[in-house]
Amino acid sequence: MIYQNVHIKSFGCQMNKLDTAMIKAALKKASYQITNDIDSTDIVIFNTCSVREHAEERVFSNLGYIKHLKKSKPGIIVCVIGCMAQRLGEKLLNEPVVDIVCGPAQISQIVSLIQESIEKNKKVLAVTDNIRKENCEINKNLEEFESVFDSDDKQIPSQAFVRAMRGCNNFCSYCIVPYVRGPEISRPPQAIIEQVKRLADEGVKMVTFLGQTVNSYSYQAGEKTYCLADLLEMASEVNGIEWIRFVTNYPSDKYFDQIITAMTNLPKVCNYLHMCAQSGSDRILKAMNRHYTAAEYLGLVDRARDAIDDIAIAGDFIVGFPSETEEDFQQTVELVKKARYKNAFIFKYSPRPQTKSEMKLQDDVPDEIKKRRNIELLAVQNNMSEELSKVFLGKKLTVLVEGLSKKPHLNKSINDDNPQLIARTATDWIVVFNGPASLAGEFATVEITKTSPLTLFGQLCKA
Ligand code: SAH
Ligand code: SF4
Ligand code: F3S
């Protein structure tokens, strides 16, 4: 059998998607071809996530499909990579359908792992033994890999992720990330900015800096300690880059003013702050090992709003954390109302093996209650999004066009053969309008004619 086509699918966060993009670039360089068609592929790669049980279940059900596919094509090579690979290691390799298990710290070896598995006709395991131990070798490999293979795989034209930090040291009691991504490391600013420059040369207009707690970025070089605000300033000086975002922020006073000042003073830095709250109850926040109170969180929100009145704020929440009472939950509802989020990501608590909350606390909130709280909180947020979205009616907004919307044929008006496009404002509002597909990756001006909680609709203004 000749191994040429590779199908790769991401199941996780933006970090995970960035890893996928780099792996695609490495595979292409090694003369493999990337295919969207899983049924005709020779190699399958699942880049997995462990953050909630549901994320892992999705991977297992996809592996179920591969089992069926392998019946007609037994030679297919199946690689499971990413956070779940690191978490389960050998156990995953014991799945009959799996040939390669490769952790997030070993992705630089992916091409050789595939070759080894094919040539020796055997299963291959590559994960980190002691993930919480600083490992210079691993870091060096990842840094080299990152400096060769950039993230821009044109999934969304003109946009790219750039990693600012790896890993996490926060140990929120519910979270698996520190156990699968290892210790927190800030990348050298020079390496980051070189990457931004290369991406700009390739036509990238917007970069998003990534880190689990990106606002805690800190890199010591001689006398100087670089923080995220320094990165934003250096990236602002790169010609061709027009918009800069960073995600996600941990609510903390440290560097907060510098970052908000950078946002105020640097026009390229988007007025968008994704800052996760998780809960509005101080008791639950403490049990989550989050180092702030609801009032402190709202204090940061106020400071950001005072400095930048059109700032869009997004947040993450977990409902049904162990022992969460109706009163705790109502405090979360209050916080959501006060924070005036553009949007919020709400998750039902999912106990993750090895984490503090899983080992020490009972998952005692029944699923129906988690579900109800999730729906209730979403409804509160929806009202807020709707209220905030109305402000845009009749306004002309600058957007960066991502490409065709999911239903490009919809809403065709008379005398307009253009498909429906999807775009975003600097503040991350989704804007849908009709326009030529060639606008993908370009800036455009759109006049907003209709709003809904999550989407603004409008008409393209002629340049
Ligand atoms: N580093 C980011 C979050 C990464 S995980 C931060 O701290 O801001 C993304 C989101 O998944 C988290 O913000 C949290 O809301 C959710 N999450 C993490 N672990 C979870 C769990 N065990 N159950 C449910 N949701 C979880
Ligand atoms: Fe997980 Fe907390 Fe780290 Fe975010 S900050 S990745 S929630 S441990
Ligand atoms: Fe991301 Fe999931 Fe790993 S959220 S860091 S892919 S556990």
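Colleague: So a polar contact is a pair of N or O atoms within 3.5 Å; within protein, one must be able to donate a hydrogen and the other to accept it, and residues adjacent in sequence count only if both atoms are side-chain atoms. What part of Gln 212 lies 2.7 Å from a nitrogen atom of ligand 1?

Modeller: The backbone: an N or O atom there is at 2.7 Å from that ligand 1 nitrogen. Keep in mind that this is a predicted model, where local features need pLDDT of at least 70 and side-chain atom pairs count only at pLDDT 80 or more, while totals for chains, interfaces and linings use all residues. Residues are numbered from 1 along each chain as its sequence is written, chains are lettered from A and ligands numbered from 1 in the order written, and side-chain values use heavy atoms, with hydrogens and water left out.

Colleague: OK. What else sits around ligand 1?

Modeller: There are 15 residues around ligand 1 (a heavy atom within 4 Å). Those that come nearest are Gln 212, Cys 276, Gln 278, Asp 316 and Ser 350. Arg 52 has a polar side-chain atom 3.0 Å from a ligand 1 oxygen, and a polar backbone atom of Tyr 174 is 3.0 Å from a ligand 1 nitrogen.

Colleague: Which residues surround ligand 2?

Modeller: Cys 168, Cys 172 and Cys 175 are among them, along with Tyr 174, Gln 212 and Arg 290. Asn 170, Phe 171, Val 177, Pro 178 and Thr 213 are there too.

Colleague: And which ones are around ligand 3?

Modeller: That list includes Cys 13, Cys 49 and Cys 83, with Gly 12, Asn 16, Ser 50 and Val 51. Arg 181 and Gln 212 are in it as well. So you meet Gln 212 in the lists for ligand 1, ligand 2 and ligand 3.

Colleague: Switching topic. Where do the domains run?

Modeller: Domain 1 covers 5-126, domain 2 covers 136-389 and domain 3 covers 393-460; those bounds come from an automatic or database domain assignment. Between the C-alpha centres of domain 1 and domain 2 there are 27 Å.

Colleague: How many residues are in contact between domain 1 and domain 2?

Modeller: On the domain 1 side 26 residues, on the domain 2 side 27 (contact being heavy atoms within 4.5 Å). Together the two domains bury about 2500 Å², with 65% from carbon and sulfur atoms; that is accessible area (1.4 Å probe) lost on putting the parts together, summed over both. Met 15, Leu 18 and Met 22 of domain 1 lose the most area to domain 2, together 25% of what that side buries.

Colleague: How many salt bridges go across?

Modeller: Three between domain 1 and domain 2 (Lys or Arg side-chain nitrogen within 4 Å of an Asp or Glu carboxyl oxygen). Asp 19 has a salt bridge to Arg 163, with the closest N and O atoms 2.6 Å apart. Five residue pairs are in polar contact between the two domains, both partners at pLDDT 80 or more.

Colleague: Which helix gives the most to that side of domain 1?

Modeller: α1, with 13 residues. Helices (H or I, at least four residues) and strands (E, at least two) are DSSP runs numbered from the N terminus.

Colleague: Any odd backbone? What is the peptide bond from Val 247 to Thr 248 like, cis or trans?

Modeller: Cis, with omega near -10 degrees. Thr 248 is in the loop between β13 (243-247) and α10 (256-265). Phe 171 has a positive phi, near 50 degrees, despite not being glycine, and Phe 171 lies in the loop between β8 and α7 (177-181).
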